Amino acid sequence: MTSTNKAPDVAVYIGRFQIFHNAQLALLRRALAAAPECVVVLGSAFQARTPRNPFTWRERAEMIRVALPEAERQRLKFLPVRDHYDSARWVAAVKQGLARLHPGQPSVVLVGHLKDATSSYLRDFPGWALDDAGRRGDIHASALRDAYFGAARDGSLEPALAALAGQAPDSTLQFLRAWASLPPYAVLAQEWESLRREKALWAGSPYPPVFVTVDAIVQCGRQVLLIRRGRSPGKGLLAVPGGFLEPRETVWESALRELEEETGLRLLDSDIEAAFKAVQVFDHPDRSQRGRVITHAHRFDLGPRRPPELIAGDDAADARWVPIDQLAGMEDQFHDDHFHILDFFFGLTAEAAQGGAA
């Protein structure tokens, strides 16, 4: 740990905690030992439930709380932070959230482990002392989630939880046992199985696959065109129309084809060309559950006219026009990073309204 003249006022520990396990508990206890108060930053805070992010930030906060004695719980605060898929915005959101919890200029120690590229964010807070605590056991939350959701295939939940006994606190296992009786467990287990089968198709590839997709953000007046996905991944979630790039198409041609197939929207070439405003690439490595997916999002503005009629088709169970001013309150209903794509074009979020803390 970087030395300072006095003990820090607050320790910060950042993670997603999906599922909270013993290595994370060890780091949390180190953070609690480093300062009188600990702020736990909960990433991926406001998005839809998925096999990668099954638990809400409040559920994760409770999972963490119950793993500690009461005296240590009193020294915890939780800061939920959304995934911006933009390092500068995300760092600013963490700093602003801490400033709301601790006005003034508290001295801060950031506790974590620089293991690989996924933890490089620990170096993005130069004003904070960094305590690189090293590896605290070879435990991976992704493997715990695989065991948890895989157990739904044959009803082997109890054996799966027993196998996790040395990797997660007893309180976490009790939480998982209770949560498995709730409706989201079965839904996410089906989604997990669908993703597992899809990824198995590429298991023999000499290189990890990189997929190229297209999306269409279509505005008409103060409304935007959305679909509700009819298939996994993201079945039942909202999304912008889009899909995979076809081998003999340009991204422009694929975007228009997917738009028509999923929503029935087809305009004259001259009208669609006049409505086209921009194309933006979204390529964050973690933006999709499928793996490495790079999308080209095309923005169209049809102007202040009556919205065209829609007919849902292909992968879409529904297609609709949604008022843009309602989108900010719908973040937890969107597939993958589609809310953030809309945020990029329409400025839906403000760091001052980052969300609650506990």
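How much space lies in the second largest cavity? I started my notebook with that question, and I found about 40 Å³ there. A reminder to myself: this is a predicted model.

**Entry 1: the cavities**

I searched the whole structure and came away with two cavities of 30 Å³ or more. For the second largest cavity I wrote down the lining: Gln47, Glu331, Phe334, Asp336, Phe339 and His340. Sorted by class, that lining has two nonpolar, two polar and two charged residues.

Then I turned to the largest cavity, which holds about 110 Å³ of space. I counted 13 residues in its lining, and Gln47, Asn53, Tyr85, Gln289 and Asp336 are the ones nearest its centre. By class I noted three nonpolar, five polar and five charged residues there. It was nice to meet Gln47 again: this residue is in the lining of the largest cavity and also in that of the second largest cavity. Asp336 likewise turns up in both places.

**Entry 2: a pocket**

Next I looked up the second largest pocket and noted a volume of about 320 Å³. Its lining has 23 residues, and nearest the centre I found Thr213, Arg229, Gly243, Arg290 and His335. Which strands should I trace to see this lining? I followed E6 (210-220), E7 (223-229), E9 (242-244) and E11 (292-301), each of which supplies at least two of the lining residues. The class tally reads seven nonpolar, eight polar and eight charged residues.

**Entry 3: glutamine 18**

I found glutamine 18 in the loop between strand E1 (10-15) and helix H1 (22-34). Is glutamine 18 buried or exposed? I put it down as buried, because its relative accessibility is 1% and the cut-off for buried is under 20%.

What does glutamine 18 touch, leaving out residues up to four places away in sequence? My list reads Arg52, Asn53, Pro54, Phe55, Arg60, Ala141 and Arg145. With phenylalanine 55 I could be more specific: the side chain of glutamine 18 reaches the backbone oxygen of that residue at 3.0 Å. I also checked alanine 35, 17 residues away along the chain, and the two C-alpha atoms are separated by 25 Å.

**Entry 4: helix H5**

Two contacts of glutamine 18, Ala141 and Arg145, led me on to helix H5 (residues 141-150), where both are buried. I noted Leu144, Tyr148, Phe149 and Gly150 as buried in H5 too. What covers these buried residues? Among the covering elements I found helix H6 (157-163), helix H7 (170-179) and helix H8 (183-200).

Technical notes: Residues numbered from 1 in each chain as written. Predicted model: local features only at pLDDT ≥ 70, side-chain atom pairs only at ≥ 80, totals over all residues. Heavy atoms only, no water. Buried < 20%, exposed > 50% of the residue type's maximum accessible area, 1.4 Å probe, protein only. Helix = DSSP H or I, 4+ residues; strand = E, 2+ residues; numbered from the N terminus. Contact = heavy atoms within 4.5 Å. 1 Å grid on protein atoms, 1.4 Å probe; cavity = no way out; pocket = protein on both sides within 12 Å on 5 of 7 lines; lining within 4 Å. Points joined across faces, edges and corners; volume = space filled by probe spheres on them. Nonpolar A, V, L, I, M, F, W, Y, C, P; charged D, E, K, R; others polar. Polar contact = N/O pair within 3.5 Å; in protein donor to acceptor, adjacent residues only side chain to side chain.
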